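Let's take a walk through this one together. Have the coordinates open and follow along as we go.

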Amino acid sequence: METVAGPTRRVRQARVATAAIFAVHGAVTGSFATRIPWIQEHAGISAGQLGLALAFPAIGASLTMPLAARIGHRLGGRQGLRILLAYWTLALILPALAGNLVALCAALFVMGTAAGTSDVLMNALGVDVEEKMGKSVMSGLHGMWTTGALVGSAAGALAAHAALDARVHLAIASAVLTVAGVLICQGVLDVRSAPDENPPPRFALPPKSAVIIGAVAFCAVFAEGASLDWSAVYLRDVLGTSPGIAAASTTAFTCTMAVARLSGDALVRRFGSVSTVRAGGVLATAGGLLVVLATHPVMAMAGFALIGLGVSVVVPLAFAAAGRSGPTPSQSIAGVATITYSSGLVAPSLIGGIADLTSLTVSFGLVTLLALGLVAGAGVLRSR
């Protein structure tokens, strides 16, 4: 009995630590997202230029995510994640220091390399925890990511409402999250490769299974990224709201995502992944329509909240499916992550470019159409 109870307690403790790591990672994103209007104004750039700059995190992530598996192989999961997570939390201070478009693009590229590599390793550790727990936990882990983003965005909304300089706000957030991440990493599972296992390649094209899974996740990440990066700008520019209320729209979006992801594992076990994702696609489509037709801030905020609710479980299910689709979870996850991050690459530039040519309202018409893709493509995430 003792030989069984010990590992079980250890895995449960590792699940808690891994969930906390997801929360720290999400808090960085939430903190940054609410200060995008301040960063745009400080850099003196247009909506189209902001869209270009917001493509650079995805560029950095897509180029470096394949390296995450190699880092994990060389250093082990725990030490590799500790280093990459600290890299991510420290990179938070960079965008607020950028005084022009070129500097902002460079800062966001660095953020992307940190976000992508740490994302791959923490999801690989999450898949390992899920296998050892013997039940679905990935949606809950991603729910903790969104909870962290919610906390970060709530703090950012308060900072924006108080007109606090974003350089001060993000420097404080970076310091707190770096310390927390280093301490929490001690509790995660130290997944290591076998001594005779060949190191993963520095770069590899995603396998066919990752492409199929990633196509559905692409639609969800596009809607998620567009809403997270542009919701505050949308309320400010289209509906003329104050900076504090505009930032609160990001909070509403992340709040619904957090609730849905935290309860997502139970929903998937009861209704199945396909039905859950299809229902989510319907909700996200309805949310997109609310945003497009909004004449009042409350209506738009409700729309962003529904988008968050609808797309919430897609990415966790995609990563979980990817982690079981090949012999090396981190490589398979990196393949799907590269595709989904490419959605983050396309989304900001398309949203900003369409906004420059027409309006942000038309941009979110595209988001609404892609949300319909979840309804059509949910079958590829069918549980086996």
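Before we pick a starting residue, a word on what "helix" means here: helices are DSSP runs (H or I) of at least four residues, numbered from the N terminus. With that in hand, Val292 can be placed in helix 14. Keep in mind throughout that this is a predicted model.

Now for the overall picture. The protein has 18 helices and zero strands. It runs to 384 residues, and 56% of them count as buried. Take the contacts in the protein with a separation of 6 or more: residues 24 or more positions apart account for 85% of them.

Back to Val292. Is it buried, exposed or partly exposed? Its relative accessibility is 25%, so Val292 goes down as partly exposed. Leaving aside residues up to four places away in sequence, Val292 touches Tyr234, Thr361, Phe364, Gly365 and Thr368. Look also at Gly303, 11 residues from Val292 along the chain: the C-alpha atoms of the two are separated by 8.6 Å.

Let's turn to how helix 14 packs. Two packed helices are described by the angle between their axes and the distance between the axes. Helix 14 covers residues 273-293 and helix 15 covers residues 297-311; their axes come within 7 Å and cross at roughly 160°. Angles over 145 degrees count as roughly antiparallel, so that is how helix 14 runs relative to helix 15. The crossing of helix 14 past helix 15 is left-handed.

Which residues do the touching between these two? On the helix 14 side you'll find Gly280, Gly281, Leu283, Ala284, Ala286, Gly287, Gly288, Leu290, Val291 and Leu293. Facing them from helix 15 are Met299, Ala300, Ala302, Gly303, Phe304, Leu306, Ile307, Leu309, Gly310 and Val311. Sorted by class, this contact of helix 14 with helix 15 has 14 nonpolar residues, six polar and no charged ones.

Helix 15 also packs with helix 12, residues 243-262. The axes of helix 12 and helix 15 come within 7 Å too, and they cross at roughly 30°. Angles under 35 degrees count as roughly parallel, so helix 12 is roughly parallel to helix 15. Helix 12 passes helix 15 in a right-handed crossing. From helix 12, the residues in contact are Ile245, Ala248, Ser249, Ala252, Phe253, Thr256, Met257, Ala260 and Arg261. They meet Met301, Phe304, Ala305, Ile307, Gly308, Leu309 and Val311 of helix 15. The class breakdown for this contact of helix 12 with helix 15 is 12 nonpolar, three polar and one charged.

Phe304 turned up in the contact with helix 14 and again in the contact with helix 12, and it has aromatic company as well. Ring pairs join Tyr234, Phe304 and Phe364 into a cluster.

So what about the aromatic rings more generally? A pair of aromatic rings is described by the distance of the centres and the angle of the planes. Rings pair if their centres lie within 6.5 Å, and by this rule there are four aromatic pairs. One of them is Phe218 with Phe222, a tilted pair at 6.5 Å centre to centre and 35° between the planes. These two sit four residues apart in helix 11 (residues 208-237), so about one helical turn separates them. Phe218 is partly exposed, with a relative accessible area of 21%, whereas Phe222 is buried at 1%.

Tyr234 and Phe364 form another aromatic pair, an edge-to-face one at 5.3 Å centre to centre and 80° between the planes. This pair links distant parts of the chain: Tyr234 belongs to helix 11 and Phe364 to helix 18 (residues 360-377), 130 residues apart. Tyr234 and Phe364 are both buried. Recall that both are among the residues Val292 touches.

Two last stops. His142 is in helix 9 and is buried, with a relative accessible area of 6%. Not counting residues up to four places away in sequence, His142 touches Phe22, Asn123, Arg261, Val315, Pro316 and Phe319. Arg261 is also one of the helix 12 residues that meet helix 15.

Finally, find Ala163, in the loop between helix 9 (138-161) and helix 10 (166-184). Its phi is near 60°, a positive value in a residue other than glycine. Ala163 counts as exposed, at 67% relative accessibility.

How values were computed:
Residues numbered from 1 in each chain as written. Predicted model: local features only at pLDDT ≥ 70, side-chain atom pairs only at ≥ 80, totals over all residues. Heavy atoms only, no water. Phe/Tyr/Trp six-rings, centres within 6.5 Å; stacked < 30°, edge-to-face > 60°. Buried < 20%, exposed > 50% of the residue type's maximum accessible area, 1.4 Å probe, protein only. Axes fitted to C-alpha atoms, helices over the stretch in contact; angles between N-to-C directions. Parallel < 35°, antiparallel > 145°, perpendicular 65-115°, else oblique. Left-handed = near helix turned anticlockwise from the far one by under 90°. Contact = heavy atoms within 4.5 Å. Nonpolar A, V, L, I, M, F, W, Y, C, P; charged D, E, K, R; others polar.
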